[in-house]
Structures are given as C-alpha cells and as structure tokens.
Amino acid sequence: MTSLIPLYHLAAEQKSAEVTDWSARISWVVGLLVLIAFVYWLMRQGWKWRGSLQSGLPELDSTPEGFADGEKLLTLTGRYHASTTAGQWLDRIVAHGLGTRSRVELTLTDQGLDVVRPGAADFFVPTAALREARLDKGIAGKVLPEGGLLIITWAHGDKLIDSGFRSDRSAEHPAWVEAIDQLTRTTEGTAR
C-alpha cells in the first residue's frame with residue numbers, strides 16, 4: 001500500500017494542458033496570409049515593371065491577308081512557353097503578351113510563321129525576320145530534357161528574340177529546325 005501513495009501524489013500534482021489561445025493563433029494565420037498577399041503583389045509589380053521597361057518593343061505583326069491560301073510547309077500543335085532576348089534564356093519578354101504561357105498552333109509557309117495562341121495574343125513572324133531554329137533544353141521558367149524545346153530566333157524591330165515551343169509530338173522538332181534553317185538560307189540567297 002505504501003507503493004500506491006507516491007503514484008497518487010504524482011497524479012494529484014499534475015496540471016492539465018493550457019487552453020489554446022485562439023486569438024494568438026488567428027493573428028498568426030492572418031499575418032501569414034497578409035505576408036503571402038504582399039509577396040504576390042510584389043511579383044505582380046515586378047511583372048508590370050518589366051513590361052514598362054520593354055514598352056519600346058514595336059507592336060507584333062498580325063497574320064497577313066491570304067496567308068491561309070498559301071502552301072503550308074509545316075504545322076504544329078503544342079505549348080508556347082516564353083520569349084526571351086536572344087541568347088539570354090532567362091531574360092523573359094513580357095511586352096505585348098509575349099510572356100504569357102499558352103497552347104499554340106504554329107503554321108510555317110513561304111510567307112513566314114503564324115503563331116496562334118488561344119487565350120493570348122497571336123502574332124506573325126515574316127520569313128525575312130526568321131533567323132534560325134534550334135533544339136534546346138530551357139527557356140525562362142521552363143527546363144526540359146536536352147532537345148525538348150524548339151527555339152525559334154527572329155528579329156522584331158532592332159531586337160533578336162528567342163521563342164520557345166514544345167510540340168505535343170516532340171519528334172517533330174528536328175523537321176522544324178531543318179525547315180526554318182532551309183527557309184532562312186533561301187531568303188538570304190534571294191536577298192543578295
């Protein structure tokens with residue numbers, strides 16, 4: 001019986017857990033939500049600031065009349081990832097909607113490259129503005145296995161731009177590189 005007395009005293013001396021302080025907990029949650037909203041607001045301001053810095057970029061060309069009547073060299077459906085300053089894969093261009101990721105339908109003809117983006121601004125790259133095409137692994141905000149992106153370099157105003165695309169069937173990418181390089185060589189040959 002003596003051994004039960006110390007256990008009884010221990011049980012009698014223990015205190016119950018403190019009641020949760022709900023006002024402090026709610027304050028922390030609200031503070032965290034305000035911090036997250038502030039960070040998103042700063043990101044949005046950065047996006048708008050980048051757009052204002054790039055406001056000197058001319059308006060994008062639209063698809064010319066009679067483009068659909070021409071012979072299509074290649075078509076592609078897939079994703080448009082981004083456009084960057086040529087050679088600088090992290091310098092995203094956001095002016096005129098070029099920073100908006102979207103689905104894409106590309107059509108290449110002798111007149112140029114038609115970029116149709118549902119939910120974003122469409123644009124047209126004349127053949128004379130096309131510079132090259134290559135396979136790469138990354139462009140602003142998107143990194144894929146080696147050769148997973150089709151990068152098309154084109155001139156717009158006095159700026160060279162790299163635009164990144166990924167086909168739904170990536171086996172089509174080499175044909176696009178070859179066709180654009182052949183088209184640019186032909187254009188350069190007739191310009192001389």
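Leaving aside neighbours within four places in sequence, Thr107 is in contact with Phe67, Lys72, Leu74, Thr75, Gly112, Leu113, Asp114 and Trp176. The model in which these contacts occur is a predicted one. Thr107 lies in strand E2. Its relative accessibility is 14%, and Thr107 therefore counts as buried, the cut-off being under 20%.

Strand E2 belongs to an open sheet of seven strands, arranged in the order E4-E3-E2-E1-E9-E8-E5 with antiparallel pairing. The edges of the sheet are formed by strand E4 (123-126) and strand E5 (130-136); each has a single partner strand, so one side of each is left without a neighbour in the sheet. On average, and with direction ignored, neighbouring strands of this sheet are turned by 30° against each other.

Within the sheet, the pairing of strand E8 (residues 149-156) with strand E9 (residues 159-167) is antiparallel and extends over seven bridges. In this pairing, Thr153 is positioned opposite Asp162 in E9.

The largest nonpolar core comprises 27 residues, of which Leu113 and Ile152 touch the most other members. At least two residues of this core are supplied by each of strand E1 (72-85), strand E2 (102-109), strand E3 (112-116), E4, E5, E8, E9 and helix H3 (173-191). The greatest contribution is that of H3, which provides five residues. Leu113, one of the two residues touching the most other core members, is also among the contacts of Thr107.

The surroundings of Ile152 were examined further. When residues up to four places away in sequence are not counted, Ile152 touches Leu113, Leu130, Glu132, Ala133, Ile161, Asp162, Ser163, Phe165 and Ile180. Ile152 and Leu113, the two residues that touch the most other members of the core, are thus themselves in contact. Asp162, which stands opposite Thr153, is likewise touched by Ile152. A second core, separate from the largest one, consists of six residues, including Ala82, Ala140, Leu144 and Leu149.

Outside the strands, a backbone feature was noted at His96. This residue is found in the loop between E1 and E2. His96 has a positive phi of about 60° although it is not a glycine. With a relative accessibility of 26%, His96 counts as partly exposed, whereas Thr107, at 14%, counts as buried.

How values were computed. Residues numbered from 1 in each chain as written. Predicted model: local features only at pLDDT ≥ 70, side-chain atom pairs only at ≥ 80, totals over all residues. Heavy atoms only, no water. Pairing = 2+ DSSP bridges. Helix = DSSP H or I, 4+ residues; strand = E, 2+ residues; numbered from the N terminus. Axes fitted to C-alpha atoms, helices over the stretch in contact; angles between N-to-C directions. Core = buried A, V, L, I, M, F, W, Y, C linked by side-chain atoms within 4.5 Å. Buried < 20%, exposed > 50% of the residue type's maximum accessible area, 1.4 Å probe, protein only. Contact = heavy atoms within 4.5 Å.
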